[in-house]
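Hi everyone, thanks for making time today. I'd like to walk you through a structure that is probably new to most of you, so please have it open while I talk.

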Amino acid sequence: MNGRRPRAILNFGHTVGHAIEATAKFATLHGEAVAIGMAYEARLAEALGIAEPGTADRLRRLLDHYNLPLELPASATADALVAAMQLDKKARDGAVRFALPRTIGRMYADGKSWTVAAPEDVVRNVLGGRAGSA
C-alpha cells in the first residue's frame, strides 16, 4: 500500500450501521446508525486484537459527548444484523469485512487491505454485548 488512505477507511461504522438501518426499516437516521456502528465496530477491533485496549471506551466517550446514540435499537437481534451484514458490498466469500481502528485516528491495514474479515462468532458476541462493556 502506498501510504494513501483509501476510501475504504470511511466505511468505519457503516457495516453495522447499514445493518441497523436495514433491520430497523430505516427508522434510525443514517448518522445515528453509523455512530452506533462505530461503537460496536471499535469493540470488535478490540475483540480481534486489532485496536489498542481502551479504544472502544475512548470512542464511546467521544460519541457520547456529541449526544450520539451508542446502543443497538431494542428490536435489533444479532441474527438479523448478521444476515443484513452478509449482504453488505464489502462481504466476500461469505465473510463480512470491516474497516477497523487501531486507535482513535489510526485505521488498521494489513499491507494488502484496509478491511478485515471477522469471524461470525466474534461478531455475534460483540453484537450480543453492550457497546460500553468491552
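**A first look at the fold**

Let me start with contacts along the chain: of those in the protein chain with a separation of 6 or more, 68% are between residues 24 or more positions apart. Please keep in mind that this is a predicted model.

What are the building blocks? The protein chain has five helices and four strands. Reading from the N terminus, the order is α-α-α-α-β-β-β-β-α. The protein chain has 134 residues, and 46% of them are buried. Its accessible surface is about 7200 Å², and carbon and sulfur atoms account for 52% of that.

Now let's go to helix α1, which spans residues 14-23. How many of its ten residues are buried? Seven are, so the helix counts as mostly covered, with buried meaning under 20% relative accessible area. Those seven are H14, T15, V16, G17, A19, I20 and E21. And what covers them? The cover includes α2, α4 (78-85), β1 (97-98) and α5.

Let me pick out one residue of α1, namely A19. Is A19 buried or exposed? A19 has a relative accessible area of 2%, and because buried means under 20%, A19 is buried. Leaving out neighbours within four places in sequence, A19 is in contact with L81, A84 and M85. You can also look across to A33: A19 and A33 are 14 residues apart in sequence, and their C-alpha atoms are 8.5 Å apart in space.

Moving on past the helix, α1 is followed by K25, which has a positive phi, near 55°. A little further along is T28, in the loop between α1 and α2. T28 comes out at a relative accessible area of 14%; that is under 20%, so T28 is buried too, although it is in a loop. Which residues does T28 touch? Setting aside neighbours within four places in sequence, T28 is in contact with I20, E21, A33 and P73. Two of those names, I20 and E21, you have just heard among the buried residues of α1.

Next, the nonpolar interior. The largest nonpolar core has 25 residues, and L72, L81, M85, F98, V123 and L127 touch the most other members. Helices α1, α2, α4 and α5 each give at least two residues to this core. Which of them gives the largest share? That is α2, with five residues. A separate core lies apart from this one; it has 14 residues, among them I9, A35, A39 and A99.

Stay with V123 for a moment. Not counting residues up to four places away in sequence, V123 touches L44, V82, M85, F98 and A118.

V123 also leads us to my last stop, because it is one of the residues lining the largest cavity. How many cavities of 30 Å³ or more are there? The count comes to one. The largest cavity holds about 40 Å³ of space. Its lining is made up of V16, Y40, E41, L44, V123, V126 and L127. Helices α2 (30-47) and α5 (120-128) each supply at least two of the lining residues. By class, the lining has six nonpolar residues, no polar ones and one charged residue.

That's my tour. Thank you for listening, and I'm happy to go back to any part of it.

Definitions and conventions. Residues are numbered from 1 along each chain as its sequence is written. This is a predicted model: local features need pLDDT of at least 70, side-chain atom pairs count only at pLDDT 80 or more; totals for chains, interfaces and linings use all residues. Side-chain values use heavy atoms; hydrogens and water are left out. On a 1 Å grid over the protein atoms alone, a cavity is a set of points where a 1.4 Å probe fits but cannot get out, and a pocket is an open set with protein on both sides within 12 Å along at least five of seven lines; lining residues have an atom within 4 Å of a point. Grid points are joined across faces, edges and corners, and a volume is the space filled by probe spheres set on the points. Ala, Val, Leu, Ile, Met, Phe, Trp, Tyr, Cys and Pro count as nonpolar, Asp, Glu, Lys and Arg as charged, and the others, Gly among them, as polar. Buried means under 20% relative accessible area, exposed over 50%, partly exposed in between (1.4 Å probe, protein chains only). Contact means heavy atoms within 4.5 Å. A nonpolar core is a set of buried Ala, Val, Leu, Ile, Met, Phe, Trp, Tyr and Cys residues joined through side-chain atoms within 4.5 Å. Accessible areas come from the Shrake-Rupley method with a 1.4 Å probe; for residues, only the protein chains shown count as cover.
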